[in-house]
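Student: Please take me through one part of this model in close detail. I would like to see how the strands pair, what ties them together and what lines the space between them.

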Amino acid sequence: RAVGCPRTRASLTVRGSNRLDESSTPAPAEPAATPSPTPRANEPLQVPREGRWRSKNRKGQVSCGRFQRTLDASGPKRGTITVRRGGDRIILRGLAGDSPQPIRADRDPDKSDRYVGTLRFELGPDGITADFRFILDLESPERIEGRMVGKAKVAGQPCTIRQSFVVTYAP
C-alpha cells in the first residue's frame with residue numbers, strides 16, 4: 001500500500017534524434033523550393049480530453065534479484081486528467097494505483113502523442129522510496145496506453161517494478 005510523500009517531481013524525457021547519419025549518401029541537388037509541410041504540420045496536436053477517466057492495470061512484474069512476483073491486473077480506478085500549457089502537460093489525479101499524488105507528465109518533444117512523467121513515493125510503512133517513470137501514449141483523445149517502471153532498494157537489493165495500463169475517458 002502506498003503512503004503519500006510530499007515530494008512530486010516532473011521530468012521531460014527527450015528520446016532519439018531526427019539527424020541523418022553523416023555517412024549516408026546525399027540526395028542529388030534539386031532546385032531550391034519551399035519545403036512541403038509534413039502531413040501533421042497544419043493539424044493541431046492531439047490532446048486528451050479533460051475530465052473524468054478510468055484506469056485499469058494489466059499484469060505486471062516485480063523483480064528483486066532472484067525474487068520475482070507477478071502483479072495482478074486491477075481496476076478500474078477512477079480519477080481525472082487536467083490539460084495544462086496548451087496541451088504540453090497533463091496532470092493525472094487518482095489514476096495511479098494507491099498513490100495520493102498527481103502525476104505530471106510532459107509532452108515528448110520527439111513524439112507528439114507521448115507524455116512522460118515521474119513520481120516518487122514511499123512504499124509501505126518501512127520508508128522504502130520508489131521512483132516511477134510513466135510513459136503515456138495517446139491513442140486518441142479518449143484513450144491512453146501506458147506503462148510504468150519503478151525502481152527501489154529493498155533490504156539493499158535493487159528492485160524493478162514494471163506494469164502496463166490503459167486509461168479511458170469516462171464522462
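**Strands, links and the largest pocket**

Tutor: Start with strand S6 (residues 103-108) and strand S7 (residues 111-123), which pair in the antiparallel sense over 4 bridges. The model is predicted. A hairpin of 2 residues takes the chain from S6 to S7. Across this pairing, Ala105 stands opposite Gly117 in S7.

Now follow S7 onward. S7 also runs antiparallel to strand S8 (residues 128-140), and 10 bridges join these two strands. Look for Arg114, which stands opposite Asp137 in S8. The hairpin of S7 and S8 has 4 residues between the strands. In that hairpin, Gly124 takes a positive phi near 70°.

Next, the covalent link. A disulfide is a covalent bond between the sulfur atoms of two cysteines. The model holds 1 disulfide. Cys64 and Cys159 form this disulfide, with an S to S distance of 1.9 Å. That distance falls within the 2.5 Å cut-off, so the pair counts as a disulfide. The link connects distant parts of the chain: Cys64 lies in strand S2 (residues 51-64) and Cys159 in strand S10 (residues 157-169), 95 residues apart. The angle about the S-S bond is 125°, and the link of Cys64 and Cys159 is right-handed. Are its two ends buried or exposed? Cys64 has a relative accessibility of 13%, and Cys159 has 4%. Buried means under 20%, so Cys64 and Cys159 both count as buried.

S2 and S10 are linked by rings too. The model has 4 aromatic pairs. In one of them, the rings of Trp53 and Tyr169 have their centres 5.7 Å apart and their planes at 75°. Planes over 60 degrees apart count as edge-to-face, so this pair is edge-to-face. Trp53 sits in strand S2 and Tyr169 in strand S10, 116 residues apart, so the pair links distant parts of the chain. Both Trp53 and Tyr169 are buried.

Phe134 and Phe165 make another edge-to-face pair, at 6.3 Å centre to centre and 65° between the planes. Here strand S8 supplies Phe134 and strand S10 supplies Phe165. These two residues are 31 residues apart, and their pair also links distant parts of the chain. Both Phe134 and Phe165 are buried. Neither ring stands alone: ring pairs link Phe121, Phe132, Phe134 and Phe165 into a cluster.

One of that cluster, Phe132, leads to the largest pocket. Rolling a probe the size of a water molecule over the atoms shows where empty space is left. About 930 Å³ of space lies in the largest pocket. Its lining counts 37 residues. Leu71, Phe132, Met148, Ile161 and Gln163 lie nearest the pocket's centre. Which strands supply at least two residues each to the lining? They are S2, strand S3 (67-71), strand S4 (74-84), S7, S8, strand S9 (143-154) and S10. The lining residues divide into 23 nonpolar, 7 polar and 7 charged.

Last, a loop residue. Leu45 lies in the loop between strand S1 (2-3) and S2. Leu45 is partly exposed, at 45% relative accessibility. The C-alpha atoms of Leu45 and Gly87 are separated by 8.0 Å, and these residues are 42 residues apart along the chain.

Terms used. Residues are numbered from 1 along each chain as its sequence is written. This is a predicted model: local features need pLDDT of at least 70, side-chain atom pairs count only at pLDDT 80 or more; totals for chains, interfaces and linings use all residues. Side-chain values use heavy atoms; hydrogens and water are left out. Two strands pair if DSSP finds at least two bridges between them. Buried means under 20% relative accessible area, exposed over 50%, partly exposed in between (1.4 Å probe, protein chains only). Rings of Phe, Tyr and Trp (its six-membered ring) pair if their centres lie within 6.5 Å; planes under 30 degrees apart count as stacked, over 60 as edge-to-face and the rest as tilted. On a 1 Å grid over the protein atoms alone, a cavity is a set of points where a 1.4 Å probe fits but cannot get out, and a pocket is an open set with protein on both sides within 12 Å along at least five of seven lines; lining residues have an atom within 4 Å of a point. Grid points are joined across faces, edges and corners, and a volume is the space filled by probe spheres set on the points. Ala, Val, Leu, Ile, Met, Phe, Trp, Tyr, Cys and Pro count as nonpolar, Asp, Glu, Lys and Arg as charged, and the others, Gly among them, as polar.
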